[in-house]
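This report describes selected surface and interior features of a single protein model. The structure is shown first, and the description follows.

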Amino acid sequence: MAHDPSEYLERRQLRTGAAGWVLLAGLGVSYVISGDYSGWNFGLAQGGFGGLLIAGVVIAGMYFAMVLGMAELSSALPAAGGGYTFARRALGPWGGFATGTAILIEYAIAPAAIATFIGAYVESLGLFGITDGWWVYLAAYLVFIGIHIAGVGEALKVMFVITAIAVLGLLIFAVAAVPLFDAANLVDIAPTAAAGASPFLPFGYLGIWSAVPFAIWFFLALEGVPLAAEEARDPERNVPRGIVAAMLVLLVTGALVLVLATGALGAQTLSESGNPLVEALGGSTAGVVVNYVGLAGLVASFFSIIYAYSRQTFALSRAGYLPRVLSVTNSRKAPTLALIVPGAIGFLLSLTGQGDVLLNMAVFGAALSYVLMMVSHIVLRRTAPEMPRPYRTPGGVVTTGFALVVAVLAVIATFLVDPVAAGATLGAFALFMLYFALYSRHHLVAAAPDEEFAALAQAEAELT
């Protein structure tokens, strides 16, 4: 324990009041927008167009239900820990650390996957003869971690502009793809011998389940909006508004690219593409424009997920779950080592160049955290009904219960797609839990906001 709690926390301060709900909605869209540009299309190789479409509808329902649950939790518990804060209050230190670790795995690995997609887009642009390679990934990490170290207000405004450009690029793509659309292209993968196989579901019923991790890529990391709670203005109102607004935008953009890109190029060819929207438009002028703008979309998500992993690392470190040195902030109120250390790990993972494998690993961490966060919502409705909730989830535990069931199925789906990658990610998660069991649970910081939430709740329970 630190000798002087006030001095300990003084060195671990984030800048407050830096974001209203519009910036938070922009943050939510930017986390995810790269998923519209690349990655989702690998799901066509798992389920065909029909399988990915059905998986997409189910996953969109799960995210919408989950976002409504998280909006309630973030209004009641506005702290930088996001899902970890919610689970810490509901499930105790073990549940809190397990949730924070799952989110951290997701956010450390997702930028590595996005870096490989950035490499593919850069190579297809042919700028200065650049080819996809490790130094493209390194440059991306160095530049964008550097901007974050300069401070959150600057970072969020830059990110908002890049995200707006990326959304504009999706609209340009949609307009250009409509004349190329041919419904026959949606079902050009030959049916297999799998149960339930048809032109619409070429890999049968199981293909729907196998497509789930790639459907998640349309929304992955949206749940990171509450991580900005300590840096938002009026977080009780603005975090729920921001996260719901972002979800509505992403529903529209995801549906547009799934239907139009597949219909323009064909499911078979698109299922192997590193930059599907560009290839769908061929060598047209719009294709070149979308290639440049697509790079902005990938950069927006890369940039904002770096923000997310740094805040999750910061919160876990400040409370003593991870080494405390990771939460020390600089003069611009940015957590320097929380930005650099997960970034270095992500860069090393990006050197594999296996974007689809990294995607599946990130989805494992995400889906596991969704299970734990939805359990947290249900538990808090049962155990703390009197807790102030400025926003309440429509449908209550029925809504989050639905999200919980789909999230469990999504965790299992990552093993269907790549049991080795999912197993390796589970192994990393187990090592984190071992560290907690043997060391950090004995060195928690009682003065940290998330621990104070829990301690106050416990004291009130004992009084009543």
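## Pocket, cavity, surface patch and helix H14

Helix H19 contributes most to the lining of the largest pocket, supplying 9 residues. The model is a predicted one. This pocket has a volume of about 470 Å³. Its lining comprises 21 residues, and those closest to the centre of the pocket are Arg89, Phe453, Leu456, Ala457 and Glu460. Three elements give two or more residues to the lining: helix H4 (44-76), helix H5 (83-125) and helix H19 (449-463).

The interior was also examined for enclosed space. Rolling a probe the size of a water molecule over the atoms reveals where empty space remains. The count comes to 1 cavity of 30 Å³ or more. The largest cavity holds about 30 Å³ of space. The residues lining the largest cavity are Tyr31, Val32, Ser34, Gly35, Ile114, Trp217, Leu220 and Ile305. Helix H2 (21-32) and helix H3 (34-37) each provide at least two residues of that lining.

The volumes of the two spaces are set out below.

| Space | Volume |
|---|---|
| Largest pocket | about 470 Å³ |
| Largest cavity | about 30 Å³ |

On the surface, a nonpolar patch of about 620 Å² is formed by Leu168, Leu171, Ile172, Leu248, Leu251, Val252, Leu256 and Val289. The elements giving two or more residues to this patch are helix H7 (152-177) and helix H11 (235-265). The largest share, 4 residues, comes from H11. One of the patch residues, Ile172, is found in helix H7. Is Ile172 buried, partly exposed or exposed? Its relative accessibility is 31%, so Ile172 counts as partly exposed, because that class lies between the cut-offs of under 20% for buried and over 50% for exposed.

Helix H14 covers residues 285-318. How many of the residues of H14 are buried? The helix is mostly covered, with 30 of its 34 residues buried. Its length can be checked against expectation: at 1.5 Å a residue, the 34 residues of H14 should span 50 Å, and the C-alpha atoms at its ends are 50 Å apart, so the two values agree. The expected span is 1.5 Å times one less than the number of residues. H14 is followed by Gly320, which has a positive phi near 90 degrees.

Definitions and conventions: Residues are numbered from 1 along each chain as its sequence is written. This is a predicted model: local features need pLDDT of at least 70, side-chain atom pairs count only at pLDDT 80 or more; totals for chains, interfaces and linings use all residues. Side-chain values use heavy atoms; hydrogens and water are left out. Patches are made of residues with over 30% relative accessible area and no salt bridge: like charges are joined within 9 Å, nonpolar side chains (Val, Leu, Ile, Met, Phe, Trp, Tyr) within 5 Å. Accessible areas come from the Shrake-Rupley method with a 1.4 Å probe; for residues, only the protein chains shown count as cover. A salt bridge is a side-chain nitrogen of Lys or Arg within 4 Å of a carboxyl oxygen of Asp or Glu. Buried means under 20% relative accessible area, exposed over 50%, partly exposed in between (1.4 Å probe, protein chains only). On a 1 Å grid over the protein atoms alone, a cavity is a set of points where a 1.4 Å probe fits but cannot get out, and a pocket is an open set with protein on both sides within 12 Å along at least five of seven lines; lining residues have an atom within 4 Å of a point. Grid points are joined across faces, edges and corners, and a volume is the space filled by probe spheres set on the points.
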